[in-house]
Amino acid sequence: MTATLVYLGCAITSVACAVLLVRGWRRSRAHLLLWCSLGFTGLAVNNLLLFTDKVLVPDIDISMYRAVSGLAAVIIMLGGLVWDAE
Amino acid sequence: MRNDLATLINGATAMGSATIALIFVRYWFRSRDSLFAAFALAFGIFAASRVAASLLAADDHAVWAYALRCAAFGVILVAILAKNRAT
């Protein structure tokens, strides 16, 4: 039960962060917000896959998809931050 | 082989998260904006929790690594909401 709540919490908070950052980017069009919103959208996907993997389909191993989505999110965000570094 | 690949990917993600944390530390030093400090802290926690989750993968205690990740997202959420309210 605790584990389910933790995975659900990860999914909900990561989606909320992504939504707020995307809204912030749409208002300001700042590059920093663009990369952060893309990165956090990827992290939200990663955490939704975590919840799916651990709670919804525990018999199916989707850990590789989780790992790749997390790496993709970090690479996009890191690449953008480095590219736009002053 | 598959487990080794997943470990490699998680290690790369942890390293990337730590690097992002350092970049936000630099932003914080220049601007003293607490939002950057929160992002730096959160990404440092992301890096640590990924390492912990990989090391504890077969252990029941791995859920606490994810609880740490959830707390980090909570820190970011609070920081963004506080920033939006301030501006």
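How many aromatic pairs does the structure hold over all chains? The count comes to twelve, over all chains of this predicted model. The legends below walk through some of them, then turn to the interface and to each chain.

**Figure 1. Tyr7(A) and Tyr66(B) make an edge-to-face pair.** The two ring centres sit 5.5 Å apart, and the planes meet at 75°, so this one goes down as edge-to-face. It's a pair that crosses between chains: Tyr7(A) comes from helix 1 (residues 2-28) of chain A, while Tyr66(B) comes from helix 3 (residues 62-86) of chain B. Are these two tyrosines buried or exposed? Tyr7(A) has 9% relative accessibility and counts as buried. Tyr66(B), at 6% relative accessibility, counts as buried too. The cut-off for that label is under 20% relative accessible area.

**Figure 2. Phe40(A) pairs with Phe39(B) across the chains.** Here's another edge-to-face aromatic pair, with 5.7 Å from centre to centre and 75° between the planes. Which helices do the partners come from? Phe40(A) belongs to helix 2 (residues 31-56) of chain A, and Phe39(B) to helix 2 (residues 34-55) of chain B. Phe40(A) comes out at 0% relative accessibility, so it's buried. Phe39(B) has a relative accessible area of 4%, and that makes it buried as well.

**Figure 3. Phe40(A) joins an aromatic cluster with residues of chain B.** Zoom out from the Phe40(A)–Phe39(B) pair, and both rings turn out to belong to one aromatic cluster. Its other members are Phe24(B), Tyr27(B), Phe36(B), Phe43(B), Phe46(B) and Phe73(B).

**Figure 4. An arginine lies over a tryptophan ring in chain A, and another does so in chain B.** In chain A, look for Arg29(A) over the face of Trp25(A), at 4.4 Å from the ring centre. In chain B, Arg32(B) lies over the face of Trp28(B), and there the distance to the ring centre is 4.5 Å.

**Figure 5. Chain A meets chain B over about 2,800 Å² of buried area.** Of the area that the two chains bury between them, 77% is on carbon and sulfur atoms. On the chain A side, Leu20(A), Met64(A) and Val74(A) lose the most area to chain B, together accounting for 18% of what that side buries. How many residues are in contact? It's 35 from chain A with 33 from chain B. Don't go hunting for salt bridges across this interface, as the rule finds zero of them. Polar contacts do turn up, with four residue pairs counted between chain A and chain B. Helix 1, helix 2 and helix 3 (63-83) of chain A each put at least two residues into the side that touches chain B. Which helix of chain A gives the most to that side? That's helix 1, with 13 residues.

**Figure 6. Chain A on its own has three helices and zero strands.** Read from the N terminus on, the elements run α-α-α. Taken along the principal axes, the C-alpha atoms of chain A fill a box of roughly 45 × 25 × 15 Å. Chain A has 86 residues, and buried ones make up 44% of them. Take the chain A contacts with a separation of 6 or more, and 57% of them come from residues 24 or more positions apart.

**Figure 7. Chain B is built from three helices and zero strands.** Its elements run α-α-α from the N terminus on. The C-alpha trace of chain B spans about 50 × 25 × 15 Å along its principal axes. How much of chain B is buried? Buried residues come to 41% of its 87 residues. Among chain B contacts between residues at least 6 apart in sequence, 54% join residues at least 24 apart.

**Figure 8. Asn3(B) and Ser54(B) are 51 residues apart in sequence.** How far apart are these two in space, C-alpha to C-alpha? The distance is 9.9 Å. Asn3(B) has its place in helix 1 (residues 2-31) of chain B. With 62% relative accessibility, Asn3(B) counts as exposed, whereas Tyr66(B) of that chain counts as buried at 6%.

Notes. Residues are numbered from 1 along each chain as its sequence is written. Chains are lettered from A and ligands numbered from 1 in the order in which they are written. This is a predicted model: local features need pLDDT of at least 70, side-chain atom pairs count only at pLDDT 80 or more; totals for chains, interfaces and linings use all residues. Side-chain values use heavy atoms; hydrogens and water are left out. Rings of Phe, Tyr and Trp (its six-membered ring) pair if their centres lie within 6.5 Å; planes under 30 degrees apart count as stacked, over 60 as edge-to-face and the rest as tilted. Helices (H or I, at least four residues) and strands (E, at least two) are DSSP runs, numbered from the N terminus. Buried means under 20% relative accessible area, exposed over 50%, partly exposed in between (1.4 Å probe, protein chains only). A charge sits over a ring if NZ of Lys or CZ of Arg is within 6 Å of the ring centre and within 35 degrees of the ring normal. Contact means heavy atoms within 4.5 Å. Buried area is the accessible area (1.4 Å probe) that two parts lose on being put together, summed over both. A salt bridge is a side-chain nitrogen of Lys or Arg within 4 Å of a carboxyl oxygen of Asp or Glu. A polar contact is a pair of N or O atoms within 3.5 Å; within protein, one must be able to donate a hydrogen and the other to accept it, and residues adjacent in sequence count only if both atoms are side-chain atoms.
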